[in-house]
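The following note was prepared for a colleague who wishes to go through the model point by point. It moves between single residues, residue pairs and whole chains.

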Amino acid sequence: MPSLKIHQEKVTPSVAQGLVKGCPFGAISYEEGKLAISSGCKMCKICVKRGGGVVELVEDAKKEVDKSLWCGICVYADCQEGEIHRVTYELCGKARELASVTGHPVYALLIGHGIEAPAEQLLRYGVDKVYTYDHPALEHFRIEPYTAAFYDFIEKVKPSSILVGATALGRQLAPRVAARCRAGLTADCTVLEMKDNTDLVQIRPAFGGNIMAQIISPATRPQFCTVRYKVFSEPKPTTPHGEVVEMSIAPEKLSSRVEVLKVESKPKDVDISEADVIVAVGRGAQSEGMRQMAQELADLLGGVVASTRPLVEAGIFDAKQQIGLSGRTVKPKLIFCLGISGAVQFTAGMKSSDVIVAINTDANAPIFDVAHYSVVGDVAEIMPKLLSYVKEVKHHV
Amino acid sequence: MDILVCIKQVPGSSQVEVDPVTGVLKRSGVQSKMNPYDLYAIEMALQLTEQYGGCVKCVTMGPPQAKAEMVEAICMDAESGTVLSDRKFAGVDVLATAYTLSQGIKACGEFDLVICGKQTTDGDTAQVGAEVAEYLGVPNVSNVLSVMAVEPDSIVLTAALDNKTVSERVSLPCLISVDGDINTPRLPSFKVKQSIDEGKIHFLSFADFADQDESHYGLAGSATQVERIFPPEKNTQKQDIPGNATEQAKALCDLLCQLKML
């Protein structure tokens, strides 16, 4: 087990103070001439780098894994009620890119019941082999049988890397399987790269997106990661070249202590704080026609409509749709601000959005201070044209 | 029904910055707080025991200062809190965190139900709960919205699963992760805090665990390694979209394509 060794004989008060101050986790203390590291230590090793030899990293013999025994990049095909979640296709595209570095095959793993059609569908996304586990016990997602099937696949096929969509299902299944394999798992990767030695380079935001961390699992296989929907691009379907491989598992391994009683479609929620795309309407776009166009744009983008305080107070929008200090705080991937001047009370509730587009006639409106894309113009003129362009693109996809 | 709630101490603010030159984290006041999602887990546990009997205990892994979160939980009405603290646990990733927690939970006693928050605000992974369940050998359900009934050997619950809501009967013991916003967590009692019984807070270290193989804990027990950290490329560039309405609309549509929104 690598550990930190303190050479007390080298400690001087100034070095000690530097280390105490330099530890990002406040885990180093200096009392009565003795330097100590507490359990707050995260082994970031900054003290090793900057301590001038006072703190030494003592490494043990490293665990090794024969990486040549693990071959293939596998995508877990998220399939619920016979429908494949589109994140799966995005991951198939990424898996193909990664595989081109190492020459590995691309696999998909599909678990469920009555899944012939989705299996064929997967082949159209450049997958070499689709492994299927088809059994009545796998009709609904239940953690133990799904984990058992997944683990059975890993034992038999030994894929090097496994990409899982960060859906509600994937977020439960991937960690459970990774724990069973005693393997590394990196959540919500935004960048994936492949090294020549088959190590998967996983980059993800940490500390609320203030830092990017580059992560590898150098001594364990398989390497698990989850990726959110819409992080990677979906490839175009092609002529299938792969095959479906039906797998079997002993039925007793599919037993479960969970009994599914009822599955209901979720009522469409209008929670604006959860939405990825928001079309926000302000006083400059409050006419009924504008509101309809805003709704239409939101529908086309899979988003929701939100508003500002004045329109909520006027009874035009529901209070649940209000963004700002006295409403909801939102952080969507994209927000359109239509005819919104951008009072501080409003921008406080949305300024950390990933992409902010503002359309306003007043070039001096404060909304343009927070906007990434500023459109000075009449929203009533731009919106109908934008809608027809968007529909045209959607039509071609 | 005896319930254990898993809690994490997280930085008081997520506003952490990296010095772009040295790659070192800049500390901006190391204040800590309880992971806000854990409050819903504690509240659910308390409501369940108020209705069905039993006790609520809490566990956390972290530095000795994480005692503060155990005090807060006790002030909310939990019976006791245990801090799993040892330098041997340093540098853990999800795998080693989950394993250490599972060993700690076993050392805390027997429980019918383990409740976790949805995710933490510093790690944001939402995957420790499922790994803990694996090492405890119990079923797990995430995104639990409500527990509708408690039966002698099982609970009936509803959970969110992508675009569905699922009702399930789950055998006890089991582990659940609760969604955010499912209840209104009570405020900690100031009165209890004034006269807190220190005996209610326990500390356990590596020596108290059943598995004494050091290679399962800390950095050695972790599968993932952080190769480097770096500040994200910030999109602080502002861009004007000029032209007439048609040109602006076209540019916006191109932007939507570029953002993969279409």
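1. Is T88(A) buried or exposed? In this predicted model, T88(A) is buried, since its relative accessible area comes to 1%, which falls under the 20% that serves as the cut-off for that class. The residue belongs to helix α3 of chain A, and, once neighbours within four places in sequence are set aside, its contacts are V75(A), Y76(A), A77(A), D78(A) and L122(A).

2. Chain A as a whole is divided into domain 1 (3–58), domain 2 (67–254) and domain 3 (272–391), and a distance of 37 Å separates the C-alpha centres of domain 2 and domain 3 of chain A. Its secondary structure amounts to eleven helices and 22 strands, while its C-alpha atoms fill a box of roughly 70 × 65 × 40 Å along the principal axes.

3. As for burial and contacts in chain A, 52% of its 397 residues count as buried. Where contacts with a separation of 6 or more are considered, residues 24 or more positions apart account for 62% of them. The accessible surface of chain A is about 17500 Å², and carbon and sulfur atoms contribute 49% of that area. On the side of charge, chain A carries 45 positive and 46 negative charges, whose mean positions lie 5 Å apart.

4. A search over all chains of the structure returns 26 salt bridges. One that deserves attention is the pair E234(A) and R86(A), whose side chains meet with an N to O distance of 2.8 Å. E234(A) sits in the loop between β15 (223–227) and β16 (243–247) of chain A, and R86(A) in the loop between β7 (83–84) and α3 (87–102) of chain A, so that the salt bridge ties together parts 148 residues apart in sequence. Both partners are partly exposed: the relative accessible area is 32% for E234(A) and 38% for R86(A).

5. The salt bridge between R221(A) and D199(A) has its closest N and O atoms 2.6 Å apart. This pair links distant parts of the chain, with R221(A) in the loop between β14 (211–216) and β15 of chain A and D199(A) in the loop between β12 (191–194) and β13 (200–206) of chain A, at a separation of 22 residues. Here both residues, R221(A) and D199(A), are buried.

6. In chain B, the side chains of D179(B) and K118(B) form a salt bridge with an N to O distance of 3.0 Å. D179(B) is placed in the loop between β12 (174–178) and α5 (190–194) of chain B, and K118(B) in the loop between β8 (113–116) and α4 (128–136) of chain B, so the pair joins parts that are 61 residues apart in sequence. The two ends fall into separate burial classes, for D179(B) is buried at a relative accessible area of 13%, whereas K118(B), at 28%, counts as partly exposed. Apart from such pairs, salt bridges with shared partners join R171(A), D188(A), R204(A) and R228(A) into one network.

7. Which residues does V56(B) contact, leaving aside its neighbours within four places in sequence? They are I3(B), V5(B), A45(B), L46(B), T49(B), A78(B), E79(B) and S80(B). V56(B) is found in strand β6 (residues 56–61) of chain B, and with a relative accessibility of 4% it counts as buried. From C-alpha to C-alpha, V56(B) and D2(B) are 6.2 Å apart in space, although their positions lie 54 residues apart in terms of sequence separation.

8. Chain B, taken as a whole, has six helices and 15 strands, and its C-alpha trace spans about 70 × 45 × 40 Å along the principal axes. Of its 262 residues, 52% count as buried, and among contacts between residues at least 6 apart in sequence, 70% join residues at least 24 apart. The accessible surface of chain B is about 11400 Å², with 49% belonging to carbon and sulfur atoms. Its charged side chains number 21 positive and 35 negative, and the centres of these two sets are 6 Å apart.

Technical notes. Residues are numbered from 1 along each chain as its sequence is written. Chains are lettered from A and ligands numbered from 1 in the order in which they are written. This is a predicted model: local features need pLDDT of at least 70, side-chain atom pairs count only at pLDDT 80 or more; totals for chains, interfaces and linings use all residues. Side-chain values use heavy atoms; hydrogens and water are left out. Domain bounds come from an automatic or database domain assignment. Helices (H or I, at least four residues) and strands (E, at least two) are DSSP runs, numbered from the N terminus. Buried means under 20% relative accessible area, exposed over 50%, partly exposed in between (1.4 Å probe, protein chains only). Contact means heavy atoms within 4.5 Å. Accessible areas come from the Shrake-Rupley method with a 1.4 Å probe; for residues, only the protein chains shown count as cover. Lys and Arg count as positive and Asp and Glu as negative; His and the chain ends are not counted. The place of a charge is taken as NZ of Lys, CZ of Arg, CG of Asp or CD of Glu. A salt bridge is a side-chain nitrogen of Lys or Arg within 4 Å of a carboxyl oxygen of Asp or Glu.
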